[in-house]
Amino acid sequence: MQSTNLGNKESGKIWHRKPSPDTRDGIIVNIIHNTSDYHPKVLRFLNVAFDGSGDGLIAGDHQGNIYVFDLYGNRFNLVQRTAQACTALAFNLHRKSEFLVALADYSIKCFDTVTKELVSWMRGHESSVSSISVHASGRYAITTSSETAQLWDLDTFQRKRKLNIRQSVGIQKVFFLPLSNTILSCFKDNSIFAWECDTLFCKYQLPAPPESSSITYKVFAVTRDGRILAAGGKSNHLHLWCLEATQLFRILQMPTKVRAIRHLEFLPDSFDAGSNQVLGVLSQDGIMRFVNIQTCTLVFEIGSLDEGISSAVISPHGRYIASVMENGSLNIYSVQALTQEINKPPPPLVKVIEDLPKNKLSDIKMKVVSGRAQRPALFRESKIQTRILKQDMTGHFENKENELSDGLNKKRLQILLKGYGEYPTKYRMFIWRSLLQLPENHTAFSSLIDKGIHVAFFNLQKKYPIKSRKLLRVLQRTLSALAHWSVIFSDTPYLPLLAFPFVKLFQNNQLICFEVVATLIINWCQHWFEYFPNPPINILSMIENVLAFHDKELLQHFIDHDITSQLYAWPLLETVFSEVLTREEWLKLFDNVFTNHPSFLLMTVVAYNICSRTPLLNCNLKDDFEYFFHHRNNLDINTVIREVYRLMDTTPTDIHPESMLDAFVALTKGQYPVFNQYPKFIVDYQTQERERIRNDELDYLRERQTVEGMQAEVDQQRDEEEAWYQKQELLRKAEETRREMLLHEEEKMIRQRQKLAAVKRELKMKEIHLQDAARRRFLKLQQDQREMELRRLDDEIERKVYMRDQEIATTAKDLEMRQLELESQKRLYEKNLIRNQEAVAKEIREDADTHRRKVDLEEHMFHKLVETGQARSQKAQKVIAENLAKAEQACLNADWQIQTLHRQKCDDLQRNECYQEVAKLLRKNRRKEIELLNAMKEEEAKKWKEAEEKEFHLRSEKNASALSDASRKWFLKQELNAALEHAECPHNEEAPGIQNEQLASSSWPRASPLKAMAARNSAAHMSLNRKPTEWDTTEENLIKRVRNLRQRLTAQARNRCQTPGLLTT
């Protein structure tokens, strides 16, 4: 086990030699962080999180240092110092270089690992954030604390939703289900809800667990496909919920040593399609046990009682486990080293029975390709043996086409590929070599390599700057071998892009790399070079025809925006999808490409465009299309592969590329085949032109070298002459310098003699000046002493004047302070008076008894103050005067209250009189209303009686009309039947008019009595119409008179009650 101490380093290697984890503990490296100060201390790691690829992780310690560990590149970097402990981390955002960290101040920050800068700062929690869950797209995140959960948009870093709960019910955890749009919220009362992320609509709620095994859930884990939820808590029981059926389907009981479960995590597997079977359970003893939830068996465990685990996370692809230990260190485990069950290869696809000589029939053995232990087969009788061999030979002839080298079968590989979507990582290269039937021609490849680096790839580094020198050399050698194999590859501009992913994959085996690329060019790049140096127009036309058949709208969109197949298809082909796919996606795609017909690659281009139709239809600019087909996009490769298989099955034969491309042809053994599927005259012409240009360049370089040599000689001669002239000039200058030096020395001697005489003279003069200066200094000293005495007297006078001014100013200030004190006392008295007035105004509104008690208390206090006598101090006098003022004010207030009460009594008496008058008027009004109502009732009775008489008269008239109708029945039989069929009611309503017409038309002798009856009917009808109108007008007049009477009485009562006292109040 290797151990790495980060110390004070900001970057470095994680391990210094290739890790070889032991199968017992599986530890790749142990990472500790000790400071190298005078007093060294351990910085404990608190949290760790993997990125989306699973090859990088991020960890934070209790001092806020955030480190990024690249397990693939064997590097670590200090990316941030937050100066406070982190409580949660997330590293799987849609921008791969960004990560989220929850800090101890309840905030969440987003940093960039490349620029090491703060991207955003999110606040909103009032307690520490316990977990951060990121959506599968990486664009949303949920942060959970004990009292709330918040949903954040990671594009704008704005809060979208907030989950608030009652204080009695806390939140355990809120998180996204993997690869879905569902949010699962788990509360402390064991209630679990599922919500739709976009609408926050509650999809379902899990029922309560059974009482026999009821535990308080504290930790949760979900499988990759989001179907099974594991929940645990302070118990050794584990509950497994089926989220599709929303029911508890299994309860696992851990060993008795497990008393509480601290963490749960499912172990991903490449072959389980997301339905993870192995669950990691971290218990209270610091040991994490991995159990199979189907077989209920313990697979392996990590940690121990001495070195317990505090928390752990598993990489998305299931290769690594990162655990924070209880001692603060960080352990990285290899799952492949820990268990053989997870990485065990699938059962063997082919079993080969070898035939031995007849004299050794008893030694027949069965050979298993997968490498398992061989065992001798039991020999019973030759009949059984012959039957078995016969069946084997028959199967051999049937599967002759599908048999591959190394004992593999292509059909079974296709079945395995369709079942799991990809080949096992451990056996992928072996399967590819078998599918491509690589001959491994070492001699032929060595001859190509011995020719050296091709001229066309000398300056490959300038065009393709690759950081790894080894990778660059391998790429140069591979491309050079291809160029030596066929001349056209030296002129193919996209060959480095085509070969680079394979070079990176097979950089440790250049022979396999070369043969894989050569096989790819021969089979999957058929007809690519027929229009060289132009793109393969025939291949692009096939793709365009297939796209036109399956998605005309998308093709029309390309045509409308002048987007040709050279833009939406050729970039994908010339880079074999390496620009738009990740490493894992690319490997999965080429598992399918190498297993199928060469047309599969062209169909993949069409499927990629169809699966990306939504963003492509939203693109309108050519630059957007170019960016789309040269960068990675958010596209599921499994969906693309399924679409490719659909296109392979549904495309008509006339446009299917399979009918236009040849079947797979492997490289020949011994020597590589000749590749001449290109326009030879163009390539030869380009080769000749390139050779001519190269010769011209060489001639030019030779002439230039000659000219430069001559120029160098001329320059050398010129430099030598310049050096000789400079040397002569220096000699002349040196001679002149020496002459000048001699002259200067003579002049210097003369000047020194003159200076010596001048010094002597100056010394005499200085002596005289010193004597004179001493005398003047003495006189000046006396003068200064006298001036100082005068200044001292002046200062004393000024000091006394200043002190007198200060005393005057102090006295004035004391007077001002006294005045201010008097003013403040005055304002205090005024303030007290105002307060008393406010208190009195408030007390007026209180009851009379309370006011009298207060007055008595104030009078008692006043008499007590009076009895104390006169005090000597001025302060006592002020207090007595203040109390006297208060007593006077109290008397005034009492008088005011008495007057107010007197006014109120007068007002009450006046209101009482007004109320009595109004009551009398109301009683009179009621009596008049009763009389009016009685009159109206009598009138109503009369009207009803008159109406009954009119009704009786109407019935008699109707009887007479019926008799007249019967007499005319013989004449109007047909008309009467028609009238009865159409309407019976109108006949009753219009009877008088019809009767008059019938009388007038049937019998003229009876016209006079019938006219008389009609006249009476019309008169009665007019009288009935007139009487209701008269009664309506009478009733309205009576109501108006009653209303006017009421208004008049109310106005009189108001005028009497409105007194001056009431109006003021």
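Leu698, Tyr700 and Leu701 make a nonpolar patch of about 300 Å² on the surface. The model is predicted. This briefing covers surface patches, one helix and two pairs of residues.

**Nonpolar patch**
- Leu698, one of the patch residues, is found in helix H19.
- Leu698 has a relative accessibility of 39%. That value makes Leu698 count as partly exposed.

**Charged patches**
- Negative charge gathers on the surface at Asp719, Glu720, Glu721 and Glu722.
- Glu720, one member of that negative patch, lies in helix H19, which runs over residues 680-844.
- Helix H19 thus appears twice here: Leu698 is found in H19, and Glu720 lies in H19.
- A positive patch on the surface is formed by Lys920, Arg923, Lys924, Arg926, Arg927, Lys928 and Arg1048.
- Helix H21, residues 874-967, gives the most to the positive patch. Its contribution is six residues.
- Lys920, part of the positive patch, is found in helix H21.

**Helix H7**
- Helix H7 covers residues 469-485 and has 17 residues.
- From its first C-alpha to its last, H7 reaches 24 Å. That is close to the 24 Å expected at 1.5 Å a residue.
- H7 is largely enclosed by the rest of the structure, because 12 of its 17 residues are buried.
- Buried here means under 20% relative accessible area.
- The buried residues of H7 include the leucines Leu471, Leu472, Leu475, Leu479 and Leu482.
- Val474, Ala481, Ala483 and Trp485 are also among the buried residues of H7.
- Gln476, Thr478 and Ser480 are buried in H7 as well.
- An α-helix has 3.6 residues a turn, so residues three or four places apart point the same way.

**Asn77 and Val114**
- Asn77 lies in strand S7, residues 75-81.
- Asn77 is partly exposed, with a relative accessible area of 31%.
- In sequence, Asn77 and Val114 are 37 residues apart. In space, Asn77 and Val114 are 9.9 Å apart, C-alpha to C-alpha.

**Pro615 and Phe628**
- Pro615 is found in helix H16, which spans residues 613-618.
- Pro615 counts as partly exposed, at 34% relative accessibility.
- Pro615 and Phe628 are 13 residues apart in sequence. Their C-alpha atoms are 8.9 Å apart in space.

Conventions: Residues numbered from 1 in each chain as written. Predicted model: local features only at pLDDT ≥ 70, side-chain atom pairs only at ≥ 80, totals over all residues. Heavy atoms only, no water. Patch = residues over 30% accessible without salt bridge, like charges linked within 9 Å, V, L, I, M, F, W, Y side chains within 5 Å. Areas by Shrake-Rupley, 256 points an atom, 1.4 Å probe, with all protein chains shown as cover. Salt bridge = Lys/Arg side-chain N within 4 Å of Asp/Glu carboxyl O. Lys, Arg positive; Asp, Glu negative; His and termini not counted. Charge placed at Lys NZ, Arg CZ, Asp CG, Glu CD. Helix = DSSP H or I, 4+ residues; strand = E, 2+ residues; numbered from the N terminus. Expected span 1.5 Å × (residues − 1). Buried < 20%, exposed > 50% of the residue type's maximum accessible area, 1.4 Å probe, protein only.
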